[in-house]
Amino acid sequence: MSTTTPVIAATTMINTGTPTSSFEKVKDAYNHRDYTEIIRQATNTIAHIEQLELLLVLEHRAHAFSMKSKFGAAARDAETMIKYAPTLPQGYLCFGKLLSMQGKQARALKVYQEGLDKVPTNNLAYGQLLQAKKTVAKKNNQHFDLVSALPLEVKDEIVKLLSEEERLNLFDVSTTWSQRLENCQKAWKYIYNDHGSDGAIAVSQVLSKIAKHINHLTITEINREMWLKYLEVLENGHFRNLKSLELTDLMLPTVFCTNSVISLMNGFWKMRYTLTKLNFIFTEDGSPITITDILFHLPHLETLIFDVDDSLADVLGELEGLQEPHRSLIDLTLDTYSTSGDALRPLAKKCPYVRRLRLEMATPSALDIVTNYFHNVEMLGYNNHHELPSSHEVLNQDYNNDGPIIPIISMNTMYMEQEQGRLRAFYSNNEVSRVPGDVFLPLLQKNQKTLEIIHANMSIPEHQHQDDEPHDNFRPDYVRTAASVVLNLDRLQKIMFWPDIYEVYEPLFCRMVAPSLKFFKSVKPSNLFAVVDSLINSQQMPETLGFTHVPTMHNDPDHTFATQCFVRLFKEYTAKSLLGPNATKRLINVIFDYCYCISDDVLDALANIKTIKGLSFLGDSKITRQGFKDFFIKLNKQNVQISKLKLGGMKGLMDSNMLSDIISSMEYLEVLYLYGMDGLTDDDIKVLIHSAKKLHTFVVKRCRVDCEDIMTFVNNTRRRFKYVKIIDDDDGYDYYDEDIYNFDFDIYN
């Protein structure tokens, strides 16, 4: 005896049989021999039977879909039922139940009401529609806010994951959410106003509620009405915990007026004990705020970025009115139309404790003032057009000195010249602005005992080259001194330099190679032979050696002598760069960027240095495809464990197949940086990531690949990457790209 398990279909219980009256009508027409009526009634009955069967099949399938959690497919079947038979209840009952199962009670109510409006009241299932509607209406009135029931800590974590705009929308959800948001400190710690004008308006509307929690505030893209709202909250002292404020909007000139300045200064005074960083950018002539205003109203300010279109002299204000020097300001950026020495000198008297100083559009006289009167400056940016790096990331922490060079405050002694400075890092621009040689030499002499980093572009700008400057018969006075001076920079760890037109600074920098030096990079060397000789004769060896844009020399059009220079250098380093825990000299990283003179012979000599860990090759060279392959083969045979690799350009030398072969052979590769590699596809990138099993840092720039696709692939690998960055830049090759000059393998340690 066999048993069968009954199939449980949808729970909608309606009579799907054909009404008895239909059969009676067919029978009555038959008895009267009314053949036309027999055909009509029979046809209607058959159609009704087919309709009911189709509805039953669709209902069963919808039920099955719902049991498999495929609610979208189930809903489509239910909607088909309604469309096929709009006056029958089956579709409405099925669709309404599906919606109720998903918790969509309000929508289910609308479906049931639509059914009640269209299904005849004499239908046997009309009562089921009424009962279903009552049940759903009851459920709809029974609310349970799961999120409100969560612990406060959990809700705070949820809010942190939302964008600013999404958080602001929650204020309109309920009173409970509004109160929670108002008291959630983590949600409003940082306000960047980076979500368009609508988002900025929304922030301004709840500003009075959240101001007490904000630590960092950026005001951008605001109109006059919103600006006045911010000023009102500022002036009323609601920003009780604000530490950092950025006023960077391009529209600020249109909303500033005298009353606005007064209100802003009153707001500054209310925040004088908490506000430690201010970034002020004004994009038109006539800044309404002066440096004196800021120093007076914010006595505990530590960082000031002041970016205006006026000269420094015009925005200083009445500095003489400040009775004492500012005791807290240690990080100062001045980006003005013109920063002269005459304007900078009185500021040195009022800001004597500045340690980080960046000057843009600065004249040579400004550099002279820094040397003589900013006694505590440790990091200096001179027309470098970039933010200074964090001190703790680049400076040797063993030499940190928290005390000022003159610990006792005295207006007179602070303004006097000191014999020795404490500058530890100097940064200049890569191409546009050069460092004036006459005022740079005294800076080096005064700070030779403390300098750790020198980034000095001494080359003459292109526009001066075009104007035939300098004239052949002109030799500045400092040239003779610089040619013979010997500086003892015992702490110098990193130097990157461009030679000056008089060819005195290049040999001076080469004479600075000392045991402490770890990074040496020469850009556009004027005398490659002399540079290489200096490196060999110094008996020292930096950990990182780099050359960029090595030019073609007049007496060496085929680069033969330049090639021989590098071969000779690497042969010397092969003998000196030793493995082992007791080795004190070892070459670890080599950087060749846009050096056409690099050939297969240079690579062959380089491959003999077994301490190499990082390599960078950018741009065209004399290297052949076979020579490049042989180079990496030789590295593997000699067990040279390359862990960091940067490749870029190299047109005609590198393609996806060759790159794949190289990467797959590098067992220890951890860092890969690809720059301007035309022809690489998304699939090529994925193959590289897959083959480099130890890869934890990956950067792709200007390779014209799908950033989102690659990032999705990286996230799906389930590998722990330290750093991944895909930069989508279609501008092509940029001769002045910062990465070309500032790239350092150490940042990926």
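**Notebook: helix H31, Asn215 and aromatic contacts**

I began with helix H31, which spans residues 707-716, and found Cys707, Ile710 and Val714 buried there. Viewed down the axis of H31, the buried residues fall within an arc of 75°, so they line one face of the helix. I note that the model is a predicted one.

I then looked up the other side of H31, where Glu708, Asn715 and Asn716 are exposed. Against which elements do the buried residues of H31 pack? I found that they pack against helix H30 (682-691) and strand E19 (723-727).

I checked both ends of H31 next. At its start, the backbone nitrogen of Glu708 has a side-chain oxygen of Asp706 within 3.2 Å. After H31 comes Arg718, for which I recorded a positive phi, near 65°.

**Entry on Asn215**

I located Asn215 in the loop that runs between helix H11 (207-210) and strand E2 (216-219). Is Asn215 buried or exposed? Its relative accessibility is 15%, and buried means under 20%, so I entered Asn215 as buried. Leaving aside residues up to four places away in sequence, I listed its contacts as Trp188, Lys189, Asn241, Leu242, Lys243 and Ser244.

**Entry on aromatic pairs**

I counted aromatic pairs and obtained 19. For Phe617 and Phe628, I noted ring centres 5.6 Å apart and planes at 85°, so this pair is edge-to-face. Phe617 belongs to strand E15 (residues 614-618) and Phe628 to helix H28 (residues 625-637), so the pair ties together parts that are 11 residues apart in sequence. I found both Phe617 and Phe628 buried.

I also looked up the aromatic pair of Phe631 and Phe632, which is edge-to-face, with 5.1 Å from centre to centre and 70° between the planes. Phe631 and Phe632 are both buried.

Which residues form one aromatic cluster? I recorded Phe426, Phe440, Tyr478, Phe497, Tyr502, Tyr505, Phe509 and Phe520 as its members.

**Entry on Lys646**

Finally, I examined Lys646 and the rings of two tyrosines. The charged end of Lys646 sits over the ring of Tyr673, at 4.6 Å from the ring centre. Lys646 also lies over the face of Tyr675, and here I noted 5.8 Å from the ring centre.

Definitions and conventions. Residues are numbered from 1 along each chain as its sequence is written. This is a predicted model: local features need pLDDT of at least 70, side-chain atom pairs count only at pLDDT 80 or more; totals for chains, interfaces and linings use all residues. Side-chain values use heavy atoms; hydrogens and water are left out. Buried means under 20% relative accessible area, exposed over 50%, partly exposed in between (1.4 Å probe, protein chains only). Helices (H or I, at least four residues) and strands (E, at least two) are DSSP runs, numbered from the N terminus. The arc is that of the directions from the helix axis to the C-beta atoms. Contact means heavy atoms within 4.5 Å. A polar contact is a pair of N or O atoms within 3.5 Å; within protein, one must be able to donate a hydrogen and the other to accept it, and residues adjacent in sequence count only if both atoms are side-chain atoms. Rings of Phe, Tyr and Trp (its six-membered ring) pair if their centres lie within 6.5 Å; planes under 30 degrees apart count as stacked, over 60 as edge-to-face and the rest as tilted. A charge sits over a ring if NZ of Lys or CZ of Arg is within 6 Å of the ring centre and within 35 degrees of the ring normal.
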